[in-house]
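Good morning, colleagues. I should like to take a few minutes to introduce a structure that may be new to many of you. Please look first at the sequence and the model.

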Amino acid sequence: SSTGTWSGNIRDGSTTTTWQTTTTPAPNSAAVYVDLGASYPLTGVQYFFRRNSGAKSFEVRISSDLKTWTTVATGSNPQTMIWQPVLFNQTGRYVQFLFRNTNGAVALGYLAEIRVYGSTSPAPADDTTSTPTATMSATATSTR
């Protein structure tokens with residue numbers, strides 16, 4: 001994305017790289033998401049921020065189609081340099097972090113890494129009740 005750093009930073013295995021917006025002024029909102037490749041029963045995520053100045057208000061959202069999103073967590077002023085957990089039971093293919101610029105931040109994000117937990121078997125179309133615990137790989141994309 002031309003409005004943010006490389007979205008793959010949130011899944012490159014390094015907590016020293018981050019995804020954040022790069023436009024001036026910073027947008028009113030921005031998002032980065034991972035694509036798991038198929039819908040899975042998901043049980044949670046962990047996230048790691050390098051800085052909290054770009055995450056004064058954020059949501060963790062799940063989608064199966066990139067159109068309809070379910071918010072599974074909201075946050076603000078996250079602790080930095082420590083893994084934070086979010087537990088939920090939701091079926092989805094995409095895990096998104098949506099940032100809102102509620103404080104006039106010069107950049108949104110500073111998200112370093114995310115881990116997604118759930119089943120490694122794709123979910124049947126009508127099954128949202130599984131509670132698996134494996135980690136999946138993903139690709140990441142940023143949006144504005």
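**Contacts around strand 5**

R93 has a relative accessibility of 25%, so this residue counts as partly exposed. Please bear in mind throughout that the model before you is predicted.

With which residue does the side chain of R93 meet in a salt bridge? The partner is D35, with a distance of 2.7 Å from N to O. D35 belongs to strand 2 and R93 to strand 5, so that the contact links distant parts of the chain, 58 residues apart. Unlike a residue in the partly exposed class, D35 counts as buried, because its relative accessibility is 18% and the limit for that class is under 20%.

The count of salt bridges comes to two. The other contact of this kind that I wish to show joins R100 and E59, whose closest N and O atoms are 3.2 Å apart. Here R100 lies in strand 5 and E59 in strand 3, so parts that are 41 residues apart in sequence are tied together. R100 is partly exposed at 34% relative accessibility, whereas E59 is buried at 16%.

Let us turn to the strands themselves. Strand 2 and strand 5 pair in the antiparallel sense over 14 bridges, and within this pairing P41 stands opposite T91 of strand 5. Strand 3, residues 58-63, also pairs with strand 5 in the antiparallel sense, over six bridges. On that side, E59 stands opposite L98.

I come now to the aromatic residues. How many aromatic pairs does a search of the whole structure find? The search gives 11. One of them is formed by Y47 and F97: their ring centres are 5.6 Å apart and their planes stand at 75°, so the pair is edge-to-face. Y47 is in strand 2 and F97 in strand 5, 50 residues apart. Y47 is buried, with a relative accessible area of 9%, and F97 is buried at 1%.

F49 and F99 likewise form an edge-to-face pair, with 6.1 Å from centre to centre and 90° between the planes. F49 lies in strand 2 and F99 in strand 5, so this pair too ties together parts 50 residues apart in sequence. Both F49 and F99 are buried. Ring pairs join these four residues with W19 and F58 into a cluster.

Finally, two arginines deserve a glance. The charged end of R51 sits over the ring of Y110, 4.2 Å from its centre, and that of R115 sits over the ring of W83, at 3.7 Å.

Terms used: Residues numbered from 1 in each chain as written. Predicted model: local features only at pLDDT ≥ 70, side-chain atom pairs only at ≥ 80, totals over all residues. Heavy atoms only, no water. Phe/Tyr/Trp six-rings, centres within 6.5 Å; stacked < 30°, edge-to-face > 60°. Helix = DSSP H or I, 4+ residues; strand = E, 2+ residues; numbered from the N terminus. Buried < 20%, exposed > 50% of the residue type's maximum accessible area, 1.4 Å probe, protein only. Lys NZ or Arg CZ within 6 Å of the ring centre and 35° of its normal. Pairing = 2+ DSSP bridges. Salt bridge = Lys/Arg side-chain N within 4 Å of Asp/Glu carboxyl O.
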